Amino acid sequence: MNRIAHTTLLAAIVLGGIGLGMMLSFRMALADEMKMLSVDEMQTQIIGNSLSGKTEGGDAYVEHYEVNGTILGKSAAGAYQGKWSFRQDGLMCFKYGDGAFDGGCVHLMRAGDHVGFQRVDGSLEPQATLIPGMAPDLK
């Protein structure tokens, strides 16, 4: 009986590891297929639309990017606002408060309705889903 339990546990660990590996491989493959967006492409594809995703901490959010530079957002903590802007070097910047660490700038990438965020150091943030127009959760 003990040998059966050990074999079952080992099989569960192996299958779990395979599943995790496949998920990470899919995420990496999707990131490889994504096209880096220029400022003009971000202007036409992101501005006036919304993104829905999760932070690195796993908190869900949805944000709409107004033409005037305003971000209208909603998370589990409630509604919030921020500002977006573009830099000449192709980064999109987000500002959510007055503190030095209340925002940042990233490269945006896209594949279909998936939008990726790449930091200046090359590391990736969790992807988001592009929603045309104002997201229903924000109306």
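Is F94 buried or exposed, going by its relative accessibility? At 10%, F94 counts as buried. Keep in mind that what you're looking at is a predicted model. The protein has 139 residues, and 27% of them count as buried. Its secondary structure comes to two helices and nine strands, so a good place to start is with how those pieces follow one another.

**The overall picture**

- Walk along the sequence and you'll meet the elements in the pattern α-β-α-β-β-β-β-β-β-β-β.
- The protein's accessible surface comes to about 8800 Å², and carbon and sulfur atoms account for 61% of that surface.
- Take the contacts between residues at least 6 apart in sequence: 42% of these join residues at least 24 apart.

**Strand β3 and its neighbours**

- Strand β3 covers residues 60-65, and five of its six residues are buried, so the rest of the structure largely encloses it.
- On one side of the pairing story is strand β2 (residues 50-54), which runs antiparallel to β3 and is joined to it by five bridges.
- If you want a specific pair to look up, L51 has E63 in β3 as its bridge partner.
- β2 and β3 make a hairpin with five residues between them. In that turn, G58 has a positive phi of about 90°.
- β3 also pairs with strand β4 (residues 70-75), again in the antiparallel sense and over five bridges.
- Here, a pair to look up is Y61 and its bridge partner in β4, S75.
- The hairpin of β3 and β4 has four residues between the strands, and G69 takes a positive phi near 95° there.

**Aromatic pairs**

- The count of aromatic pairs comes to three, and one of them is made by Y65 and F94.
- The ring centres of Y65 and F94 are 6.1 Å apart and their planes sit at 65°, so this pair is edge-to-face.
- Y65 and F94 come from distant parts of the chain, 29 residues apart: Y65 lies in strand β3, and F94 in strand β6 (residues 92-95).
- Y65 is buried, with a relative accessible area of 1%. F94 counts as buried too, because its 10% falls under the 20% cut-off.
- Next up are Y80 and Y96, whose ring centres are 5.9 Å apart with planes at 75°, so they are also edge-to-face.
- This pair links distant parts of the chain as well: Y80 is in strand β5 (residues 78-86), Y96 is in the loop between β6 and β7 (103-111), and 16 residues separate them.
- How do these two rings sit with respect to the surface? Y80 is partly exposed at 24% relative accessibility, and Y96 is partly exposed with a relative accessible area of 36%.

**Salt bridges**

- Side chains of opposite charge can pair when their charged atoms come close.
- This structure holds four salt bridges.
- One of them brings together the side chains of E41 and K35, at 2.7 Å from N to O.
- E41 is partly exposed, with a relative accessible area of 22%, and K35 is partly exposed at 44%.
- The side chains of E56 and R119 also meet in a salt bridge, at 2.7 Å from N to O.
- E56 and R119 are 63 residues apart and link distant parts of the chain: E56 is in the loop between β2 and β3, while R119 is in the loop between β8 (114-118) and β9 (124-131).
- E56 counts as exposed at 56% relative accessibility, whereas R119 counts as partly exposed at 23%.
- R119 has another partner, E125, and their side chains meet in a salt bridge at 3.4 Å, N to O.
- E125 is partly exposed, with a relative accessible area of 25%.
- Put those pieces together and you get a network of salt bridges linking E56, R119 and E125.

Notes:
Residues numbered from 1 in each chain as written. Predicted model: local features only at pLDDT ≥ 70, side-chain atom pairs only at ≥ 80, totals over all residues. Heavy atoms only, no water. Buried < 20%, exposed > 50% of the residue type's maximum accessible area, 1.4 Å probe, protein only. Contact = heavy atoms within 4.5 Å. Areas by Shrake-Rupley, 256 points an atom, 1.4 Å probe, with all protein chains shown as cover. Pairing = 2+ DSSP bridges. Phe/Tyr/Trp six-rings, centres within 6.5 Å; stacked < 30°, edge-to-face > 60°.
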